[in-house]
Amino acid sequence: MTDLSKLEADLSALITGAADVADLEAVRVAALGKSGSISDLLKTLGAMSPDERREQGPAINGLRDRIGGAIADRRAELEAAELDAKLAAERVDLTLPPPPERRGRVHPTMQVQDEMIAIFAEMGFGLAEGPDIEDDFHNFTALNFPPKHPARETHDTFWLPEDASGERKVLRTHTSPVQIRAMQRINEKLPSWIANGPPSANGEPPIRIIVPGRTYRSDSDATHSPMFHQIEGLVIDRAIHMGHLKWTLDQFIARFFETPLVETRFRPHHFPFTEPSAEMDVRCDRSGGDIKIGQGDDWLEILGCGMVHPKVLRNCGLDPDVWQGFAFGCGIDRLGMLKYGIPDVRDTFASDVRWLDHYGFSAFAAPNPATGLS
Ligand code: PHE
């Protein structure tokens, strides 16, 4: 056997015997690598006489090509075998049930807010929003709070530090400043409206909006949180009166508490921005520990309301002899506590997932037949 055929036989045996791709790679390096046995033979060609080279050249090159080919074939074989082994070992069992997954819950405050928005939307109210950081004008002055008047203090206002212009902004103490913003907006459009007749939709006159949002007062106990949520209602049109206010709120209460019409009463009250002003109570029964809405001999205060004060209309450039309106404002968290039996409002902001699992709502529940909401 010549040296070349012995080398070929040895290498072929090693190639066939390689157990895996790494083994085979070692054989390749030993034969065809930089100082592999075949590479070394190729290097000897340069020093040969032309006759020798004519004989040895094709023999060595042929050997290199056959060994290279054999390695490639064996590599394909080994790779296919490795893939088969992997597929057999890592088979996915599609019949296994999926592992349990955590599902988020809808926060009760957001659920209640959505319920309220849906009820008012069906009555034709649009949605308006305003900033959490308000100026004194929108939060107080335009709403007819006299300067330095104690009413400003009753709101336990969070004042922000003076800004560069010397102004102190506030964290809005109620959603009523958005009334002012809405009326100012329509006032800008009023001249063209008076000239051309009323446009019919999109926050233009007549105004019929609700304003849900965060509000802030420095107060904390089981029924008060420094941040809470209110929903404000505002209707401005010609010839609006208390009857419209009462009807709207009666409808809302019945839909919200999912009861037939509930008896309500309006107790005279004072808000600087409404005249007359009232607090609305609903009939309830507290005898059993729980509060039952719509029955019994007790009354429960639900919200503040009234007819928009002529001075407020004037502050927004509206003539009170042409325009009237009503407004109301109520606590979203508070009504949620009542409807869903939540004992301490501070828990609603404690970010405790266990609490949310208990009081939260499924995002995928079937629609409630009374409200049409899920
Ligand atoms: N803004 C009042 C409050 O926060 C509620 C209210 C709104 C009263 C609109 C009358 C009209 O107490």
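This briefing describes the surroundings of a ligand in a protein model, followed by several local features of the chain. The model is predicted. In it, 14 residues surround the ligand, and the space that the ligand takes is the largest pocket. The structure as a whole contains 22 salt bridges.

**The shell around the ligand**

- The closest of the 14 surrounding residues are His-174, Ser-176, Arg-217, Gln-230 and Gly-329.
- Sorted by class, the shell consists of seven polar, five nonpolar and two charged residues.
- Three strands, β5 (227-237), β9 (298-308) and β10 (324-331), each contribute at least two residues to this shell.
- The largest contribution comes from β10, which provides three residues.

**Polar contacts and cover of the ligand**

- In His-174, a polar side-chain atom is placed 3.0 Å from a nitrogen atom of the ligand.
- Ser-176 also approaches a ligand nitrogen atom, with an N or O atom of the Ser-176 side chain at 3.0 Å.
- For Arg-217, the partner is an oxygen atom of the ligand, and the distance from a polar side-chain atom of Arg-217 is 2.9 Å.
- On its own, the ligand has 330 Å² of accessible area, and the protein covers 92% of it.

**A salt bridge in helix α1**

- One of the 22 salt bridges found in the whole structure joins the side chains of Asp-10 and Lys-6, with a distance of 2.9 Å from N to O.
- Both residues belong to helix α1 (residues 3-17); because they are four residues apart there, about one helical turn separates Asp-10 from Lys-6.

**Backbone features**

- The peptide bond between Glu-275 and Pro-276 is cis, with an omega angle of about -5°.
- Pro-276, the second partner in this cis bond, is part of strand β7, which covers residues 274-285.
- Asn-144 has a positive phi, near 70°, although Asn-144 is a residue other than glycine.
- The position of Asn-144 is in a loop, between helices α6 (136-139) and α7 (150-154).

**Points for review**

- Which strand gives the most residues to the shell around the ligand? It is β10, with three residues.
- What is the distance between the polar side-chain atom of Arg-217 and the oxygen atom of the ligand? The distance is 2.9 Å.
- Which two residues are joined by a cis peptide bond? They are Glu-275 and Pro-276.

Key: Residues are numbered from 1 along each chain as its sequence is written. This is a predicted model: local features need pLDDT of at least 70, side-chain atom pairs count only at pLDDT 80 or more; totals for chains, interfaces and linings use all residues. Side-chain values use heavy atoms; hydrogens and water are left out. A residue is near a molecule or strand if one of its heavy atoms lies within 4 Å of it. A polar contact is a pair of N or O atoms within 3.5 Å; within protein, one must be able to donate a hydrogen and the other to accept it, and residues adjacent in sequence count only if both atoms are side-chain atoms. Accessible areas come from the Shrake-Rupley method with a 1.4 Å probe; for residues, only the protein chains shown count as cover. On a 1 Å grid over the protein atoms alone, a cavity is a set of points where a 1.4 Å probe fits but cannot get out, and a pocket is an open set with protein on both sides within 12 Å along at least five of seven lines; lining residues have an atom within 4 Å of a point. A molecule sits in a cavity or pocket if more than half of its atoms lie within 2 Å of its grid points. Ala, Val, Leu, Ile, Met, Phe, Trp, Tyr, Cys and Pro count as nonpolar, Asp, Glu, Lys and Arg as charged, and the others, Gly among them, as polar. A salt bridge is a side-chain nitrogen of Lys or Arg within 4 Å of a carboxyl oxygen of Asp or Glu.
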